[in-house]
Amino acid sequence: MAAPRPPHSPDSPSRRAFLGLLSLPERRYVADALRTETVGGIVLLAAAVAALLWANIPAVSASYDTVRDLHFGPAALGLDLSLQHWAADGLLAIFFFVAGIELKRELVAGDLSDPKAAALPVIAAVCGMAVPALVYTAVNTAGGGSLGGWAVPTATDIAFALAVLAVLGTSLPSALRAFLLTLAVVDDLFAILIIAVFFTGDIRLPQLAGALAGLALMWILLRTGVRGWYVYVPLAIAVWALMYNSGVHATIAGVAMGLMLRCTRREGEEHSPGEHVEHLVRPLSAGVAVPLFALFSAGVPLSGGALAEVFARPEPLGVVLGLVVGKTAGVFGGTWLAARFTRAELNKDLAWPDVLAVSGLAGIGFTVSLLIGELAFADDPVLAEEVKAAVLVGSLIAAVLAGVLLKLRDRTYRALTEAEERDEDHDGIPDIYEAGNPQYHLRMARIHEDKAAEHRRLARAAAAAAGSEAPGGTAEGAAGSSGAGDRPA
């Protein structure tokens with residue numbers, strides 16, 4: 001077996017590797033994060049299917065709206081909300097809290113902390129949001145539709161994309177998965193800004209001041225080392241409630257609290273506070289909060305007439321084309337242009353069709369797209385439902401097209417993944433990361449010497465059992481001499 005290749009081997013010092021091997025700590029972080037997101041994505045997929053069945057089976061469809069519109073909560077605090085609103089404004093705050101931690105970590109310790117390394121995925125993500133918005137705008141300008149939904153096709157749902165990979169049984173190399181994760185993180189950042197800027201209602205200053213005061217108190221407590229969930233959870237709930245009543249979308253509170261956590265490790269720390277909290281909260285976000293939001297948001301009628309409206313009206317058609325065409329063209333085009341002008345060289349084990357396939361996966365815009373669709377067309381429930389249906393249809397088409405492209409290269413991906421995970425010396429570090437370590441090669445030499453000695457012993461035993469002789473001497477002598485050249489001096 002050939003020795004593992006070094007992580008980076010550019011042809012010249014002036015060119016940087018793109019989609020090359022991740023650093024070992026980054027690879028471990030990405031693997032842990034995506035493992036949870038994959039499981040959550042499968043639960044999310046199941047929740048979406050359950051919502052569609054519940055809303056479209058005649059015998060039970062009436063109960064879907066009844067349950068979704070069920071109101072509860074303290075009215076005196078302005079929190080007498082429907083179950084659907086609790087899911088969208090409350091549970092999704094947990095999702096955006098995790099997104100805030102991810103963003104903070106990427107900015108201070110991940111790929112986005114290095115401007116040169118961050119340039120390419122950031123440019124790809126920005127183009128991947130701008131082009132779908134332009135596609136939607138063009139379709140609705142030509143068709144006389146509403147431009148209010150321009151932001152709906154701009155988001156990428158990493159959990160749903162990973163669920164598609166899990167269903168397909170496709171194992172992407174860690175660099176492609178990390179690229180997809182970085183795209184989603186930058187998408188989340190811009191989605192947060194879009195929600196904050198374009199979907200904020202009438203500002204109520206006393207409540208906003210209270211929310212900001214709560215955030216300031218949390219920042220002080222974090223910086224002074226105060227610990228204990230019993231301190232932060234009640235404070236977080238109070239900040240969320242004040243933010244909701246201020247007119248600013250309540251999910252912004254989750255992002256703000258996530259950004260406050262320290263995501264750099266100090267001496268003696270195995271994990272930073274941000275990483276620790278994210279590890280605890282991510283399963284709640286991916287496995288509970290987002291699937292419940294999907295359960296009460298994805299239940300749209302999908303009769304023949306409803307599906308026809310998706311392609312007949314400019315607003316839902318713009319969403320579908322934005323997700324399928326705009327996302328793919330934006331991410332791929334932005335990546336190619338950034339690589340072209342930053343002199344980044346694509347990993348030799350991959351090809352541009354691989355980037356195209358991942359760009360197609362970015363067109364799966366489920367969770368945040370559904371949320372923005374609800375906000376954009378809050379005054380027109382019928383159109384809001386059609387736009388939701390368009391999100392489902394567009395995400396499905398994007399998933400199928402990307403899946404076909406990925407399956408064509410599945411054998412290559414599996415070989416690359418196996419090479420990344422191989423650890424023949426069993427020291428807990430993949431062999432590909434130890435190509436420059438002399439001790440690794442000495443360990444491997446001893447392992448192969450022991451294997452060679454064992455095979456010589458087995459050869460002698462097999463020859464003796466057969467009772468045959470090799471040409472030029474006894475069978476045992478032939479078996480012993482055949483390996484002499486393999487013995488170390």
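Which residue forms a salt bridge with Asp410, and how far apart are the closest N and O atoms? Keep that one in mind; it gets solved in Exercise 2.

This is a predicted model, in which local features need pLDDT of at least 70, side-chain atom pairs count only at pLDDT 80 or more, and totals for chains, interfaces and linings use all residues. Residues are numbered from 1 along each chain as its sequence is written, and side-chain values use heavy atoms, with hydrogens and water left out.

**Exercise 1. Get an overview of the chain.**

Step 1: start with secondary structure. The chain has 18 helices and four strands; these are DSSP runs numbered from the N terminus, with helices being H or I of at least four residues and strands being E of at least two.

Step 2: check the extent. The C-alpha trace spans about 95 × 60 × 50 Å along its principal axes.

Step 3: look at burial. Of the 489 residues in the chain, 48% are buried (buried is under 20% relative accessible area, exposed is over 50%, partly exposed is in between, with a 1.4 Å probe and protein chains only).

**Exercise 2. Work through the salt bridges, starting with Asp410.**

Step 1: fix the rule. A salt bridge needs a side-chain nitrogen of Lys or Arg within 4 Å of a carboxyl oxygen of Asp or Glu. That gives 18 salt bridges.

Step 2: solve the opening question. Asp410 pairs with Lys407, and their closest N and O atoms are 3.8 Å apart. Asp410 is buried at 11% relative accessibility, while Lys407 is partly exposed at 38%.

Step 3: follow the shared partners. One network joins Arg105, Glu106, Arg265 and Glu275 through salt bridges that share partners. Within it, Arg105 and Glu106 form a salt bridge with closest N and O atoms 3.6 Å apart. Arg105 is buried, with a relative accessible area of 4%, and Glu106 is buried too, at 3%.

Step 4: turn to helix H10. Glu278 and Arg282 form a salt bridge whose closest N and O atoms sit 2.1 Å apart. Glu278 and Arg282 are four residues apart in helix H10, so about one helical turn separates them. Glu278 is buried at 3% relative accessible area, and Arg282 is buried at 4%.

**Exercise 3. Find the enclosed space and say what lines it.**

Step 1: recall the idea. Rolling a probe the size of a water molecule over the atoms shows where empty space is left. On a 1 Å grid over the protein atoms alone, a cavity is a set of points where a 1.4 Å probe fits but cannot get out, a pocket is an open set with protein on both sides within 12 Å along at least five of seven lines, and lining residues have an atom within 4 Å of a point.

Step 2: count and size. There's one cavity of 30 Å³ or more, and the largest cavity holds about 190 Å³ of space.

Step 3: name the lining. The largest cavity has 19 lining residues, with Glu37, Phe95, Ile158, Ala159 and Val290 nearest its centre. Elements giving two or more residues to this lining include helix H1 (24-56), helix H3 (83-108) and helix H10 (273-297).

Step 4: sort by class. The lining of the largest cavity has ten nonpolar, four polar and five charged residues (nonpolar is Ala, Val, Leu, Ile, Met, Phe, Trp, Tyr, Cys and Pro; charged is Asp, Glu, Lys and Arg; the others, Gly among them, are polar).

**Exercise 4. Describe the two largest pockets.**

Step 1: take the largest pocket. Its volume is about 1400 Å³. It has 33 lining residues, and Phe97, Tyr232, Val233, Leu261 and Val277 are nearest its centre. Among the elements giving two or more residues to that lining are H3, helix H8 (229-246) and H10. By class, the lining has 21 nonpolar, seven polar and five charged residues.

Step 2: take the second largest pocket. Its volume is about 710 Å³. There are 27 lining residues, with His85, Asp89, Glu374, Leu375 and Ala378 closest to the centre. H3, H14 and H15 each supply at least two residues of this lining. By class, the lining of the second largest pocket has twelve nonpolar, six polar and nine charged residues.

Definitions and conventions: Points joined across faces, edges and corners; volume = space filled by probe spheres on them.
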